Amino acid sequence: MIVSVQDALDYIRKDDIPESVIKRKIAAVENLIRSETNNNFQRRELRFHAASFGGQLVGGLPYYLQEGDTVEVNGSVNEGLYTVTGSGAGTISLDKQLYDAAENMVTKVVYPEDVIEGALNLLQWEFNMRSKTGIKSETLSRHSVTYYDMDTENSADGYPASLTGFLEPYRQMRW
């Protein structure tokens, strides 16, 4: 996960959000960042191969991985993003179930600090401002609402363009 559930809740400052909802929103923001930039943020020098059996990776936890780290699995039926939840007795536990495979290529994913901060800002906007999308100003006396345009110049993937500007340095060409 790009940010932990607790970090997101601390930043958003709302206690009434169910954990399942915040996890889903974090995953959605992470996927948005990766697809919008065409950047997988992999640290290729922190890569290893491991079999998966019984829903876990078989092998010891490399020194550079710890609980809470994000890894990307490629080259097998288990392709996708996972979060390391623990290790023990020669296995590595991930947050989602793995299918049995003879070999999985596992790469650590590391997000720069400004990308993490941008993800937190997107989450905060999602929970605090999404219901007010498009409202530029609102007056109570004689009730007046002014809307602004949500076109390609003012928005990106459903978020205000000012919130997604942090992605620009990380954009990579699509081939």
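# Strands, helices and pockets

Visitor: Which residue is the bridge partner of R47 in β6?
Guide: This is a predicted model. R47 falls in β1, residues 42-53. Strand β6 covers residues 101-109. There, the bridge partner of R47 is T107.

Visitor: How many bridges join β1 to β6?
Guide: The R47 to T107 pair is one of them. H49 pairs with M105 of β6. The two strands run antiparallel, and the bridges joining them number 6.

Visitor: Which residue of β2 stands opposite F53?
Guide: β1 pairs with β2 too, in the antiparallel sense over 3 bridges. F53 lies in β1, residues 42-53, and β2 spans residues 56-58. Opposite F53 in β2 stands Q56.

Visitor: Which residue in the turn between β1 and β2 has a positive phi?
Guide: β1 and β2 form a hairpin. The link between them has 2 residues. A positive phi of about 65 degrees in this turn belongs to G54.

Visitor: Which residue of β5 stands opposite L57?
Guide: L57 sits in β2, residues 56-58. This strand is joined by 2 bridges to β5, residues 91-94, and the pair runs antiparallel. In β5, the residue opposite L57 is I92.

Visitor: Which residue of β6 is the bridge partner of T70?
Guide: T70 belongs to β3, residues 70-74. β3 and β6 run antiparallel, joined by 5 bridges. The partner of T70 in β6 is V109.

Visitor: In what order do the strands of the closed barrel run?
Guide: The barrel has 6 strands with antiparallel pairing. Neighbouring strands are turned by 50 degrees against each other on average, direction ignored. The order is β1-β2-β5-β4-β3-β6.

Visitor: At about what angle does α2 run to β4?
Guide: Helix α2 takes in residues 19-37. The helix lies across β3, β4 and β6. To β4, α2 runs at about 125 degrees.

Visitor: Are α1 and α2 roughly parallel or roughly perpendicular?
Guide: Helix α1 is residues 5-12, and its axis is 10 Å from that of α2. The two pack at an angle of about 95 degrees. Angles of 65 to 115 degrees count as roughly perpendicular. The helices are therefore roughly perpendicular.

Visitor: How many nonpolar residues does the contact of α1 with α2 have?
Guide: From α1 come V5, A8, L9 and I12. From α2 come E19, I22, K23 and I26. Polar residues are absent and 2 are charged, while the nonpolar count is 6.

Visitor: Which element gives the largest share of the lining of the largest pocket?
Guide: The largest pocket has a volume of about 190 Å³. K23, R24, A27, E30 and N31 are among its lining residues. So are L81, Y82 and T83. Two elements give two or more residues, α2 and β4. The largest share, 5 residues, comes from α2.

Visitor: How many charged residues does the lining of the largest pocket have?
Guide: The lining includes K23, R24, E30, D95 and K96. By class, it has 4 nonpolar and 3 polar residues. Its charged residues number 5.

Visitor: How many nonpolar residues line the second largest pocket?
Guide: This pocket has a volume of about 150 Å³. Its lining includes M1, I2, V109, V110 and I116. T70, the partner of V109, is in the lining too. By class there are 3 polar and 2 charged residues, and the nonpolar ones number 6.

Methods:
Residues are numbered from 1 along each chain as its sequence is written. This is a predicted model: local features need pLDDT of at least 70, side-chain atom pairs count only at pLDDT 80 or more; totals for chains, interfaces and linings use all residues. Side-chain values use heavy atoms; hydrogens and water are left out. Axes are lines fitted to C-alpha atoms, for helices over the stretch in contact, and angles run from 0 to 180 degrees between N-to-C directions. Helices (H or I, at least four residues) and strands (E, at least two) are DSSP runs, numbered from the N terminus. Angles under 35 degrees count as roughly parallel, over 145 as roughly antiparallel, 65 to 115 as roughly perpendicular and the rest as oblique. Contact means heavy atoms within 4.5 Å. Ala, Val, Leu, Ile, Met, Phe, Trp, Tyr, Cys and Pro count as nonpolar, Asp, Glu, Lys and Arg as charged, and the others, Gly among them, as polar. On a 1 Å grid over the protein atoms alone, a cavity is a set of points where a 1.4 Å probe fits but cannot get out, and a pocket is an open set with protein on both sides within 12 Å along at least five of seven lines; lining residues have an atom within 4 Å of a point. Grid points are joined across faces, edges and corners, and a volume is the space filled by probe spheres set on the points. Two strands pair if DSSP finds at least two bridges between them.
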